[in-house]
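Q: I would like a close look at one part of this two-chain model, namely the place where the chains meet. Please take the helices that pack there as the starting point and then relate them to the rest of each chain.

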Amino acid sequence: MAISGRVPLLLLLGLVAVVLRPQAGTVWLWLLGVLLLVGLDRLLTPSPALAVLTRRPPGSVRLGDPASSDLVVAATGRRLHLHVRDAWQPSAGARDNRYRLRLAPGDQRRLTTSLLPRRRGDLRATGVTVRSWGPLGLVARQRTYDVPGAVRALPPFESRKHLPSRLARLRELDGRAAVRVRGQGTEFDSLREYVRGDDVRSIDWRASARNTHVVVRTWQPERDRRVVLVLDTSRTSAGRVARAPGEDEVDGMPRLDAAMDSALLLAALASRAGDRVDFVAGDRRVRARQRLHGARDVAMRLQEQMADLDPVLVEADWDLLAGAVQGFGRQRALVVLLTALEPSAVADGLLPVLPVLTRHHRVVIASVRDPELTRMAALADEEVAAGSAPPTADDVYAAAAAAHELDRRERTRAMLVRLGVDVVDADAGELPPALADHYLALKAQGLL
Amino acid sequence: MTATSTAPTPVTARRRVTRAQLAVAVAVLLALVVAVWSTRGSEKYPGAADPRNPGPDGAQAIAKVLADQGVDVTIARSADAFEEATVDDRTTVVVSSTEQLAPSTLRRMRTHASAAARIVLVEPDFAILQEIDPSLGLLSVPAGKDEAIAARCPDGVAGVGLDGLDVEVDRATSYTGEGCFPTGDRALVRSVDGLVLLGAGQALTNDQVTRADNAAVGLRLLGQDPRLVWYVPDATDAVSDDAVTIGTLLPDWIGPALWIVALAGVALLLWRVRRLGPLATEPLPVVVCAVETARSRGRMYRRSGDREHAARALRRAARTDVARRLRLDRAAPPAAVTEAAARHLGVPVEAVAALLDDDRTTPATDHDLVRFAQDLARLRREVRRS
């Protein structure tokens, strides 16, 4: 039950009565009168349950794009004067979600709440509150109903901007067929005239003899290779890093989001190149797993898969994830591990299972670097150069810790390279194109 | 370890501030206590002509003298205490601070003291006179110094002979009608309706009791009987409708109107306090600054004062950097890096080795460590530039 602003106003009207009849009894009589009115209104108030609520699901939207949710309110039985609030969790960015409406019996009205998601994932409606007012407008009955609904905010795929340039390079790779290494994974494509710069070893002497020009063989880059994207959602992915050096890490993104961005770009590129893409994400358990082969829009489906993934504060179980990779098939594949180059996490979890993976597959580790760490290690350096105040003892100790950490990372990286793993380590904003370039380089060499 | 010598500085500074604040607080408290202690005696009974007030306005002197003369002096400071005191026909009742008397307390006092030999009111004001006899009037007499007023009443007042005495006070009150110490058609001492009105109340005060015959007037008026009940009334004994209050000046609907406003206020609260549905909560994700571990590790180095470790980490980083700049093998031994750097910069090997060699002395204090870090940074910058 709720009362309206009319009740205090009605009580204040009692001032007139009190001036006319200045006695304590007047106050109580007036209060009694108001209470009687309120009670009467309460008796006549229709139940909020007479309003029937249905929601049309708002579906998926890319993070940063607006969405809207439709709520249909229908009146059954009686005339209703309603006050409705369609509540969403704050990060769904629901605005103007309170409505006043009068409905005749049988009427229905559609309430459109505009949403502007501010976080990736499934953003849920937390309940619809209906306040039904009495005929006098003094009292309302209020109930909150659970009308489930969620808007799925997909990863923004900001690295989309890098896709056209990489696709152009892929086509170039296709047409020129400048495959420097023959053998496995390269297929004969066509013959064309020799131009300067072509590898002389690719000259087809037989064809040249039948022709007035020198003719070279061209090969198509390998197709139908497998790419497995492994997204680590364990504790290391929760770390927030700056997108680019010099930016405050508070404005940055979690490592997981940067890894998603890289995975999306690579998946889009690989599917265009004719490769089959599989995706698995997990930490202690597998959280998402999908074969994307044959899908028309691989990036879109991958976004759907990733939307609801959040970092979890547990250590990754690489045995499990490696098992999931093997589950996609025994055929040789490019396995991209999107994780952090965190020395302790790598040494404890990843190293024991790496030999299993490298025996069957080509393994690439893509790691989001933290520019803040580099900045911290170079702190003393910068400040001397800038001629500003000398560093404090705290800064120097922090720089020492950062230098130590960087050193450990370098060792880890060297060790991984010795194990035959490619390591792509870049800042959050740079990782997607760097990983795509690495993929193109591998493809050009026929190493997939 | 000398780390403890630098780290606690801010702590002691803060403690010194609190100690200063504590000292100020204690001083203020002491001053208060001393002030209260020193003014304790005079402030206890500040009323004019109070039998326990030793100040110039008090009447302790005359009360003491009466007690020494064998008069049984009882002091009542409230209506209840007065009603507990025995008052018979061998008792004199004196009422000082009569401005504190309300009509109701005056009535109570007269009822209880109806048997008394006499009741002396010290300078009753107009309101009380109206209660006693509405036809009475009074006038303030600004009696100057050295202007004694003679009694000139052979009959005395209320059975007390005052003839031949002079009274001399700074300021007195005279009442209309016949009486002793006449000034014009009024008198300073009058007997009305069984009450003695003493207009020259200052004659009893410690300051002026010794002038003229003031002492004799006081002693005769108060010391006639073996018992004296000294009643110092208290305004809080008055019942509520005695006096004019602010309530009687306001319109009579104000009270109920305030009630109405209060009720409306409560209704306003009830209106605004009801939310339209519960608060929407956000399932918050885990957000950690990735660099936080390195930062806290740095703090840990500092707390434990592990300069050796810090210096080694800085040296290794500098060696790696220099080696990369000079295009040396990553696995080059430290000595080779040092030598190459010295050759590259054209400085003695010893100077570079002091910075880059792990076996050299580590900085002894945090200050040295900062200087060391700056030196290393300078070296790296020079290698990079040249």
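A: What follows starts at the contact between the chains and then moves outward into each of them.

The model is a predicted one, and every value below was computed from it. Across the contact, 46 residues of chain B touch 66 residues of chain A. On the chain B side, at least two residues each are supplied by α10, β12 (288-289), α11 (292-304), α12 and α15 (366-385). Of the elements of chain B, α10(B) gives the most to this side, with 10 residues, and that helix is a natural place to begin.

Helix α10 of chain B, residues 254-273, packs against helix α2 of chain A, residues 24-44, at an angle of about 25° and with the two axes 8 Å apart. Because angles under 35 degrees count as roughly parallel, α2(A) and α10(B) are roughly parallel to each other. Their crossing is right-handed. From α2(A) the contact is made by A24(A), T26(A), V27(A), W30(A) and L31(A), and from α10(B) by P256(B), W259(B), I260(B) and L263(B).

The nonpolar interior can be considered next. The largest nonpolar core holds 116 residues, and those that touch the most other members are L229(A), V230(A), L266(A), A267(A), V336(A) and L314(B), a list that names residues of both chains. Helix α5 of chain A, residues 255-272, provides the largest share of this core, with 12 residues. Leaving aside residues up to four places away in sequence, A267(A) touches L229(A), V277(A), L292(A), V298(A), A299(A) and L302(A). There is also a second, separate core of 58 residues, whose members include V87(B), M109(B), V160(B) and A200(B).

Turning to chain A as a whole, its secondary structure comes to 13 helices and 20 strands, and 44% of its 448 residues count as buried. Among its contacts between residues at least 6 apart in sequence, 75% join residues at least 24 apart. One of its sheets is open and has 6 strands in the order β17-β16-β13-β18-β19-β20, with mixed pairing. Its edges are formed by β17 (286-291) and β20 (422-427), each of which pairs on one side only, and the twist from one strand to the next averages 15°. Within this sheet β19(A), residues 362-369, runs parallel to β20(A) and is joined to it by 6 bridges, with I365(A) standing opposite V423(A) of β20(A).

Elsewhere in chain A, strand β9(A), residues 139-145, has two antiparallel partners to consider. With β1(A), residues 2-3, it pairs over 2 bridges, and here I3(A) stands opposite V139(A). With β8(A), residues 121-133, it pairs over 6 bridges, and V128(A) stands opposite Y145(A). The strands β8(A) and β9(A) form a hairpin with 5 residues between them, in which G137(A) takes a positive phi near 75°.

Chain B, for its part, has 15 helices and 12 strands, and 34% of its 386 residues count as buried. Of the contacts in chain B between residues at least 6 apart in sequence, 67% join residues at least 24 apart.

Two loop residues of chain B deserve a look for their backbone angles. S97(B) has a positive phi of about 50° although it is not a glycine, and it lies in the loop between β2 (91-95) and α6 (103-112) of chain B. S97(B) counts as buried because it has 21 C-beta neighbours inside 10 Å, where 20 or more are needed. R327(B), also not a glycine, has a positive phi of about 60° and is found in the loop between α12 (307-325) and α13 (334-345) of chain B. With 7 C-beta neighbours inside 10 Å, R327(B) counts as exposed, since the limit for that class is 12 or fewer. The loop that holds R327(B) follows α12(B), one of the elements that supply at least two residues to the side of chain B touching chain A, which brings the description back to the contact between the chains.

How values were computed: Residues are numbered from 1 along each chain as its sequence is written. Chains are lettered from A and ligands numbered from 1 in the order in which they are written. This is a predicted model: local features need pLDDT of at least 70, side-chain atom pairs count only at pLDDT 80 or more; totals for chains, interfaces and linings use all residues. Helices (H or I, at least four residues) and strands (E, at least two) are DSSP runs, numbered from the N terminus. Two strands pair if DSSP finds at least two bridges between them. Axes are lines fitted to C-alpha atoms, for helices over the stretch in contact, and angles run from 0 to 180 degrees between N-to-C directions. A nonpolar core is a set of buried Ala, Val, Leu, Ile, Met, Phe, Trp, Tyr and Cys residues joined through C-beta atoms within 7 Å. Two residues are in contact if their C-beta atoms, placed from the backbone, lie within 7 Å. Angles under 35 degrees count as roughly parallel, over 145 as roughly antiparallel, 65 to 115 as roughly perpendicular and the rest as oblique. A crossing is left-handed if the near helix is turned anticlockwise from the far one by less than a right angle, and right-handed if clockwise.
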